[in-house]
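Biologist: I should be grateful for a close look at a single part of this model. Please take one strand and describe its surroundings in a connected account.

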Amino acid sequence: MSLFDIRVPAVLLRIDRNPFHHGTLGAVRSLGRAGVEVHVVADAAGSPVHRSRYAHRMHPPPPPGASEREILAALRRVADRVARPAVLVPLDDASAIAVSRARDDLAPHYLLPEMPDNLAERVADKAELAAVCASADVPHPVTLVPDGPERAADDARRLGLPLVAKWSRPWLLPAGSGLRSTRLVHSAQQARELYLRTEEAGSRLLLQAYLPPGPDRDWFFHGYADRSGAVRAGGPGRKQLSWPRGAGLTAVGRWTPNPEVRALAERLTGALGYRGVFDLDFRRCGTTGRYHLLDFNPRPGAQFRLFADSAGLDVVRALHLDLTGRELPDGDPVAGRAFVVENYAPFAALRTAPGSRELAWYARDDRGPGRAMWALWCRHVTGRLRERLTATAPVPAPRPVPRAVSPSLTDNEKASS
């Protein structure tokens with residue numbers, strides 16, 4: 001008898017159009033290998049995910065910048081096609097928040113964790129996170145939310161430079177704006193100029209004390225809070241390599257026991273009454289040694305497959321089992337297990353690694369996405385290089401125009417005069 005109730009399909013939802021979101025592929029493979037029918041509501045144009053043998057069907061996603069009504073309509077269309085209740089798995093913050101808001105409308109079609117109203121939105125909003133952490137006694141970098149451009153400059157001076165500037169709801173940033181969800185600010189003038197783009201960004205600007213990166217300072221915790229609130233599956237991981245270096249996503253991560261990080265995760269989710277999958281990012285202060293929470297994502301992190309335990313349980317499988325009334329197996333942590341994202345850390349992917357390791361794209365039983373990713377990535381990198389070369393190419397100086405000593409008539413002009 002299967003551990004899973006394979007009569008219940010899974011629907012994966014991702015609004016973000018990033019074709020290199022390896023977490024989507026991880027969820028497809030994790031549930032598909034367990035025998036679950038997997039439907040993917042995401043942009044399939046150029047994405048390697050649709051090449052997976054475990055993706056039962058790709059469905060059109062909501063349009064870019066979709067309203068909650070449009071997202072709900074898209075999910076209802078999928079529900080009509082699937083024709084039976086399914087476990088719904090949001091894979092980005094915008095999806096998680098939209099699903100949380102539309103919970104009552106989605107309930108007849110989808111299985112979802114019971115969670116306090118607006119909690120997904122509260123924890124994902126980076127300006128609200130400081131208050132959330134304070135209420136649970138979880139360390140968080142000093143954060144200020146300016147109410148004007150001059151106040152932004154003053155706050156930058158108060159916090160000290162450099163500092164971190166973030167948009168509180170990065171999923172609202174318009175495509176092509178050049179605005180980044182997080183950036184390092186080196187002057188009060190930069191803070192002031194960023195604030196002036198608040199309306200364009202669509203959410204509040206916050207300024208945060210900078211905790212410098214360093215060896216053994218970047219950590220994350222992925223988990224699943226079951227219907228009782230107990231944190232199951234997942235675990236603490238250490239970021240060994242990021243892309244971009246020092247401040248980006250996890251390119252190489254390792255499952256590393258850390259009781260302090262686990263205690264912080266359990267304290268926070270318990271205090272909030274959180275239910276479902278979550279992904280937390282921490283940075284350890286080099287001065288005090290305390291772990292500060294930087295981000296709370298109310299959905300699976302892209303590297304969640306790092307935490308597949310000895311029973312094969314990960315946070316996405318835990319979600320399906322719990323929502324279908326099945327028992328979660330008791331597996332042991334696989335300390336030292338590694339996860340490598342090949343396109344961001346190609347040399348790490350080529351090196352042999354002791355112990356258990358999983359690659360984000362390549363899999364022996366599912367080779368199609370890996371091949372498609374490399375073809376797409378090469379085109380992406382080539383395009384970026386071409387853009388940079390075009391932008392930095394020297395502009396030829398204008399040729400000097402000789403100054404005429406005296407005007408003269410051409411033969412034609414002479415003939416017509």
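Modeller: A residue is called buried when its relative accessible area is under 20%, exposed when that area is over 50%, and partly exposed in between. The model is a predicted one, and the part chosen here is strand 7, which comprises residues 163-167. By that cut-off, strand 7 is mostly covered, since five of its five residues are buried. The side chains are divided between two directions: Leu163, Ala165 and Trp167 point one way, while Val164 and Lys166 point the other way. Lys166 is thus buried along with the hydrophobic-named members of the list, as all of these residues are.

Strand 7 has pairing partners in strand 8 and in strand 9. With strand 8, residues 182-185, the pairing is antiparallel and extends over four bridges. Within that pair, Leu163 is placed opposite Val185 of strand 8. With strand 9, residues 205-209, strand 7 also runs antiparallel, and five bridges join the two. There, Trp167 has Leu205 of strand 9 as its bridge partner.

As for the wider setting, an unreviewed UniProt entry carries the annotation "domain: ATP-grasp" for residues 130-324. In the model, the end C-alpha atoms of that span lie 34 Å apart, and the span is 27% helix and 31% strand.

How values were computed. Residues are numbered from 1 along each chain as its sequence is written. This is a predicted model: local features need pLDDT of at least 70, side-chain atom pairs count only at pLDDT 80 or more; totals for chains, interfaces and linings use all residues. Side-chain values use heavy atoms; hydrogens and water are left out. UniProt positions are given in the numbering used here, feature names are shortened, and annotations may be inferred rather than shown by experiment. Buried means under 20% relative accessible area, exposed over 50%, partly exposed in between (1.4 Å probe, protein chains only). Two strands pair if DSSP finds at least two bridges between them.
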